Amino acid sequence: MLPDDETSKRLRALDTRHRRAYEILNEARDLAEKTSRYDSQAVRRTMSDGFYENTGGKRPHEWQLDVAEALYLKIDCTIIAGTGRGKTIPYMLLSYLPDNSEKMTAIISPLKNLQREQVSH
């Protein structure tokens, strides 16, 4: 266990990175809106609705939509989350966009259960 001051320091650093990540996402949204009439809400709605229709009524988490949108805007992403938390869902969300309807995404995973789940969707 980390001492309280060390824990606080790490949490502040994570919070700083988190805020910066959203600044980068917002800057990319603004640029895309100015250069190509990008509509963030429409993109997010399309991904969320596609996911809903193909997963028996489940909705993606906001962070999953954030990651998918960042990937769509060509922003490099890193996700830190435990097993089973939905880290591969952002890749699935991208497939629901009209621009990507004819494209294929390969997800390579050593986890057998995850492989089976991905194949079923």
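A polar contact is taken here as a pair of N or O atoms within 3.5 Å, one able to donate a hydrogen and the other to accept it. In the predicted model, such a contact is found at the N-terminal end of helix H2, where a side-chain oxygen of Asp39 lies 3.2 Å from the backbone nitrogen of Gln41. Asp39 thereby caps this end of H2. Just after the helix, Gly56 adopts a positive phi of about 70 degrees.

Helix H2 comprises 15 residues, 40-54. The distance from its first C-alpha to its last is 21 Å, close to the 21 Å expected at 1.5 Å a residue. The buried residues of H2 are Ser40, Val43, Arg44, Met47, Ser48, Gly50 and Phe51. These residues lie on the same side of H2 because the arc they cover around the axis is only 160 degrees. They pack against three helical segments: H1 (4-36), H3 (62-72) and H4 (89-94). On the face of H2 turned away from the buried side, the exposed residues Gln41 and Glu53 are found. Gln41 thus appears both on this face and, through its backbone nitrogen, in the cap formed by Asp39.

Two of the helices that pack against H2, H1 and H3, also contribute to the largest pocket, each giving two or more residues to its lining. The space in this pocket amounts to about 700 Å³. Its lining consists of 20 residues, with His18, Ala21, Val67, Thr78 and Ile79 nearest the centre. H1 supplies the largest share of the lining, 8 residues.

How values were computed
Residues numbered from 1 in each chain as written. Predicted model: local features only at pLDDT ≥ 70, side-chain atom pairs only at ≥ 80, totals over all residues. Heavy atoms only, no water. Helix = DSSP H or I, 4+ residues; strand = E, 2+ residues; numbered from the N terminus. Expected span 1.5 Å × (residues − 1). Buried < 20%, exposed > 50% of the residue type's maximum accessible area, 1.4 Å probe, protein only. Arc of directions from axis to C-beta. Contact = heavy atoms within 4.5 Å. 1 Å grid on protein atoms, 1.4 Å probe; cavity = no way out; pocket = protein on both sides within 12 Å on 5 of 7 lines; lining within 4 Å. Points joined across faces, edges and corners; volume = space filled by probe spheres on them.
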